[in-house]
Amino acid sequence: MALALDEARRAIADGEVPVGAVIVSGGEAIARAHNLREGLQDPSAHAEMLAIREAARKLRRWRLTGTTLYVTLEPCAMCAGGIVLARIDRLVFGSFDSKAGACGSVLEIVREPRLNHRLEVVTGVLEKECRLLLRKFFADRREGNGATDQ
């Protein structure tokens, strides 16, 4: 999760909402990403989706079985769907997202029994650090310190 937090800090430097993601396979970080929606002008450029794409390229397969995704914020519906479709085995996230989270807060996509893939979900890892990074970003934005809209 420390690597995902590093990615979230990189997002701030890029003027993006501070969400970072890392995918690990065989004990090695094979993909790292942070939000790039503003920079790419792409609504799907969430940290999780970018990391999934990079991991698939590196592993040369779309089924990401045997991997763990670490992300600083609970994935949204789009990302949760991507996680399930990519067959990621384990999701570890820091802070819950009470407005858009799809892994227990608002929706429960990753544990939906009617879907064809199940994964382990671990929550609250470095939660305080993840939450504080987001809070500071949005407080700075409200104060006019140059941050962008989510």
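**Salt bridges, sheet and core in a predicted model**

Nine salt bridges are counted in this structure, a salt bridge being a side-chain nitrogen of Lys or Arg within 4 Å of a carboxyl oxygen of Asp or Glu. The structure is a predicted model, in which local features need pLDDT of at least 70 and side-chain atom pairs count only at pLDDT 80 or more, while totals for chains, interfaces and linings use all residues. Residues are numbered from 1 along each chain as its sequence is written, and side-chain values use heavy atoms, with hydrogens and water left out.

A helpful place to start is the pairing of charges. Side chains of opposite charge can pair when their charged atoms come close. One such pair is Asp-6 with Arg-9, whose closest N and O atoms are 3.1 Å apart. Both residues lie in helix α1, three residues apart, which is about one turn of the helix; helices (H or I, at least four residues) and strands (E, at least two) are DSSP runs, numbered from the N terminus. Asp-6 is partly exposed at 34% relative accessibility, and Arg-9 is partly exposed at 42%. Here, buried means under 20% relative accessible area, exposed over 50%, and partly exposed in between (1.4 Å probe, protein chains only).

A second salt bridge joins Arg-90 to Glu-120, with the closest N and O atoms 3.5 Å apart. This pair links distant parts of the chain, as Arg-90 sits in strand β4 and Glu-120 in strand β5, 30 residues apart. Arg-90 has 26% relative accessibility and counts as partly exposed; Glu-120 is also partly exposed, at 43%. Arg-114 and Glu-112 form another salt bridge, with their closest N and O atoms 2.6 Å apart, and Arg-114 is exposed, with a relative accessible area of 73%. Salt bridges that share partners also join Glu-7, Arg-10 and Arg-32 into one network.

Next comes the sheet. Strands of a sheet pair through backbone hydrogen bonds, either parallel or antiparallel. In this model, five strands form an open sheet with mixed pairing, in the order β2-β1-β3-β4-β5; two strands pair if DSSP finds at least two bridges between them. At the edges are β2 and β5 (120-123), each of which pairs on one side only. From one strand to the next, the twist averages 15°. Strands β1 and β3 run antiparallel and are joined by five bridges, and Ile-23 has Leu-69 in β3 as its bridge partner.

Two helices lie across the strands. Helix α1 (residues 2-13) lies across β1, β2 and β3, at about 25° to β2, whereas α5 lies across β3 and β4, at about 60° to β4. Axes are lines fitted to C-alpha atoms, for helices over the stretch in contact (heavy atoms within 4.5 Å), and angles run from 0 to 180 degrees between N-to-C directions.

Finally, the interior. The largest nonpolar core has 35 residues, and those with the most contacts inside it are Ile-23, Ile-52, Ile-88, Leu-91 and Val-110. Such a core is a set of buried Ala, Val, Leu, Ile, Met, Phe, Trp, Tyr and Cys residues joined through side-chain atoms within 4.5 Å. Among the elements that each supply at least two residues of this core are β1 (20-25), α3 (47-59) and α5 (127-142). Helix α3 gives the most, with six residues. Apart from this core lies another, of nine residues, including Ala-8, Val-22, Tyr-70 and Val-92.
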